[in-house]
Amino acid sequence: MLRMIRFVPSLLRRATLLLVLAAASAPVLAAAPTDGDINRLLSASRAQSMIDTMLPQIEAMQQQQFQQVAAQRKLNAQQQEQLQRIQARTSQTLRQALSWQQLRPMYVDLYKKTFSKEDVLAMAEFYESPAGQSLLDKTPALMQNVMVAIQTRMQPLFADLQKDLEAIVNEPEKK
């Protein structure tokens, strides 16, 4: 009987420890989202549309870089032709590498590693809601307004910087 009394507290301690460990590991054991869950979220959040919108912007930046290279160097006709071929090949490579067909599996994998099923479903429900659709509709305008506001805020800072640079450049040399 005495053994039984000693055994019960030990058993209770072990059971309590198991419960605490189980509770602590519950978030780790959260259900992973399925490909279907993630595809629902990607569709609701218009992920493909965002990629398709970004691609021409990336290509324009790439084209501008090629133009800068050409402007900085005096290229002969043959070199200009080679540069144009490289630009076309680079553009084709970008379009292929950043196509939705290539990026979707990466998105699915990253979402699986980052979010639980509950997270993905909650986000999908939000983006499918009128508020979520409104957010998606208005985000491009918001980002444009943010960029204008930042540029406006930065102009006086750049003016001050320009004055400082001019002062340094126009400072007489010390002998």
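This is a chat about salt bridges and one helix in a predicted model.

Student: What kind of model is this, and what pLDDT do local features need?
Tutor: It's a predicted model, where local features need pLDDT of at least 70, side-chain atom pairs count only at pLDDT 80 or more, and totals for chains, interfaces and linings use all residues. Residues are numbered from 1 along each chain as its sequence is written, and side-chain values use heavy atoms, with hydrogens and water left out.

Student: Okay, how many salt bridges does a search of the whole structure find?
Tutor: Seven, counting a side-chain nitrogen of Lys or Arg within 4 Å of a carboxyl oxygen of Asp or Glu.

Student: Which residue does Asp-35 form a salt bridge with?
Tutor: Lys-112, with the closest N and O atoms 2.4 Å apart. Asp-35 sits in helix α2 (residues 35-44) and Lys-112 in helix α5 (residues 100-114), so this pair ties together parts that are 77 residues apart in sequence. Helices here are DSSP runs (H or I, at least four residues), numbered from the N terminus.

Student: Are those two buried or exposed?
Tutor: In between: Asp-35 is partly exposed at 39% relative accessibility, and Lys-112 is partly exposed at 37%. The cut-offs are under 20% relative accessible area for buried and over 50% for exposed, with partly exposed in between (1.4 Å probe, protein chains only).

Student: And what does Lys-117 pair with?
Tutor: Asp-37, at 2.6 Å between the closest N and O atoms. Lys-117 is in helix α6 (residues 117-128) and Asp-37 is in helix α2, so the pair ties together parts 80 residues apart in sequence. Lys-117 is partly exposed at 27%, while Asp-37 is buried at 11%.

Student: Where do Arg-95 and Glu-59 lie?
Tutor: Their side chains meet in a salt bridge (2.9 Å, N to O). Arg-95 is in helix α4 (residues 77-97) and Glu-59 in helix α3 (residues 47-72), 36 residues apart, so to speak a link between distant parts of the chain. Arg-95 is partly exposed at 43%, and Glu-59 is buried at 12%.

Student: Switching to α5: which residues are buried there?
Tutor: Trp-100, Leu-103 and Val-108 are buried in α5. They cover an arc of only 145° around the axis (taken from the directions from the helix axis to the C-beta atoms), which puts them on the same side of α5.

Student: What do the buried residues of α5 pack against?
Tutor: They pack against α2, α3 and α4, where contact means heavy atoms within 4.5 Å.

Technical notes:
Helix = DSSP H or I, 4+ residues; strand = E, 2+ residues; numbered from the N terminus.
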